[in-house]
Amino acid sequence: MSDFAAQMATTVNISEDQQKKAGKPIGGDMDDKHKNFCTTINKLFESGAIDVTKPETFLNQDIYKELDQEWQAKTDLSMVNIATLLNHIYGFYKSKQTPDACPQLQTMIDQLWEMKQRIEIHADVFKF
């Protein structure tokens, strides 16, 4: 661990251009499952079927209403985090400054799927 601490203690000055380059998403590809999910999310946003300012639009209301109070509460608690991540995914996908397929976008999608699966293990409550 001392090697790590020593390495972290040494500072390296990098130029502003190098800093900007280091913060940019890297190119890459995603599997079809992730690409299809981006397409689905894009269509839902563009059609107005989902709106991150109205998380209730993410839900299949008929299924949600059938949930017991405990699972409705768990779903409700997850909605803010899901809305935030959906907004990041959509913004990243739509931006002309970021690639449509890359490891960073795939990681965000995987995080969203993990959140969804915690709820959907019980019921398929989300539209996406």
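A helix is a DSSP run of H or I that is at least four residues long, and helices are numbered from the N terminus. The structure treated in these exercises is a predicted model.

**Exercise 1. The overall fold**

Determine which pattern the protein chain follows along the sequence, and whether the chain is compact or spread out.

Solution. Step 1: the protein chain contains 6 helices and 0 strands. Step 2: read along the sequence, these give the pattern α-α-α-α-α-α. Step 3: the radius of gyration of the protein chain is 19 Å, whereas the globule rule gives 14 Å for 128 residues. The value is well over that of the rule, so the chain is more spread out than a compact globule. Step 4: the C-alpha trace spans about 60 × 35 × 25 Å along its principal axes. Step 5: of the 128 residues, 32% are buried. Step 6: among contacts between residues at least 6 apart in sequence, 71% join residues at least 24 apart.

**Exercise 2. The nonpolar core**

Identify the residues of the largest nonpolar core that touch the most other members, and state which helix gives the largest share.

Solution. Step 1: the largest nonpolar core holds 33 residues. Within this core, Phe-58, Leu-86, Leu-105, Phe-126 and Phe-128 touch the most other members. Step 2: helix 3, helix 5 and helix 6 are the elements that give two or more residues to the core. Step 3: helix 5 supplies the largest share, with 9 residues. Step 4: Phe-58 may be examined in detail. Setting aside residues up to four places away in sequence, Phe-58 touches a list of residues that includes Ile-50, Met-79, Leu-86, Phe-126 and Phe-128.

**Exercise 3. An aromatic pair**

Classify the geometry of the ring pair Phe-37 and Phe-128, and explain which parts of the chain the pair ties together.

Solution. Step 1: the whole structure contains 5 aromatic pairs. Step 2: for Phe-37 and Phe-128, the ring centres are 6.4 Å apart and the planes stand at 70°. Step 3: ring centres must lie within 6.5 Å for a pair, and planes over 60 degrees apart count as edge-to-face. The pair of Phe-37 and Phe-128 is therefore edge-to-face. Step 4: Phe-37 belongs to helix 3 (residues 32-47), while Phe-128 lies in the segment after helix 6 (103-120). The pair therefore ties together parts that are 91 residues apart in sequence. Step 5: both partners are below the 20% limit for buried residues, since Phe-37 has a relative accessible area of 8% and Phe-128 one of 11%. Step 6: ring pairs also link Phe-37 and Phe-128 with Phe-58, Trp-113 and Phe-126 into a cluster.

**Exercise 4. Salt bridges and their surroundings**

Describe the salt bridges Asp-29 to Lys-35, Glu-70 to Lys-74 and Glu-120 to Lys-116, and state how exposed the partners are.

Solution. Step 1: a search of the whole structure finds 5 salt bridges, including the three named here. Step 2: in the bridge of Asp-29 with Lys-35, the closest N and O atoms are 2.8 Å apart. Asp-29 is exposed at 53% relative accessible area, whereas Lys-35 is partly exposed at 31%. Step 3: the side chains of Glu-70 and Lys-74 meet at 3.2 Å, N to O. These two residues are 4 residues apart in helix 5 (residues 69-94), so about one helical turn separates them. Glu-70 is partly exposed at 47%, as is Lys-74 at 36%. Lys-74 also lies over the face of Trp-71, at 4.4 Å from the ring centre. Step 4: in the bridge of Glu-120 with Lys-116, the closest N and O atoms are 3.3 Å apart. Here too the partners are 4 residues apart, in helix 6, and are separated by about one helical turn. Glu-120 is partly exposed at 21%, but Lys-116 is buried at 9%.

**Exercise 5. The setting of Glu-120**

State which residues Glu-120 contacts beyond its neighbours within four places in sequence, and give its C-alpha distance to Trp-71.

Solution. Step 1: Glu-120 is found in helix 6. Step 2: leaving aside neighbours within four places, Glu-120 is in contact with Val-125, Phe-126 and Phe-128. Step 3: Glu-120 and Trp-71 are 49 residues apart in sequence, and their C-alpha atoms are 10.0 Å apart in space.

Definitions and conventions
Residues are numbered from 1 along each chain as its sequence is written. This is a predicted model: local features need pLDDT of at least 70, side-chain atom pairs count only at pLDDT 80 or more; totals for chains, interfaces and linings use all residues. Side-chain values use heavy atoms; hydrogens and water are left out. Rings of Phe, Tyr and Trp (its six-membered ring) pair if their centres lie within 6.5 Å; planes under 30 degrees apart count as stacked, over 60 as edge-to-face and the rest as tilted. Buried means under 20% relative accessible area, exposed over 50%, partly exposed in between (1.4 Å probe, protein chains only). A charge sits over a ring if NZ of Lys or CZ of Arg is within 6 Å of the ring centre and within 35 degrees of the ring normal. A salt bridge is a side-chain nitrogen of Lys or Arg within 4 Å of a carboxyl oxygen of Asp or Glu. A nonpolar core is a set of buried Ala, Val, Leu, Ile, Met, Phe, Trp, Tyr and Cys residues joined through side-chain atoms within 4.5 Å. Contact means heavy atoms within 4.5 Å. The radius of gyration is taken over C-alpha atoms; the globule rule is 2.2 Å times the number of residues to the power 0.38.
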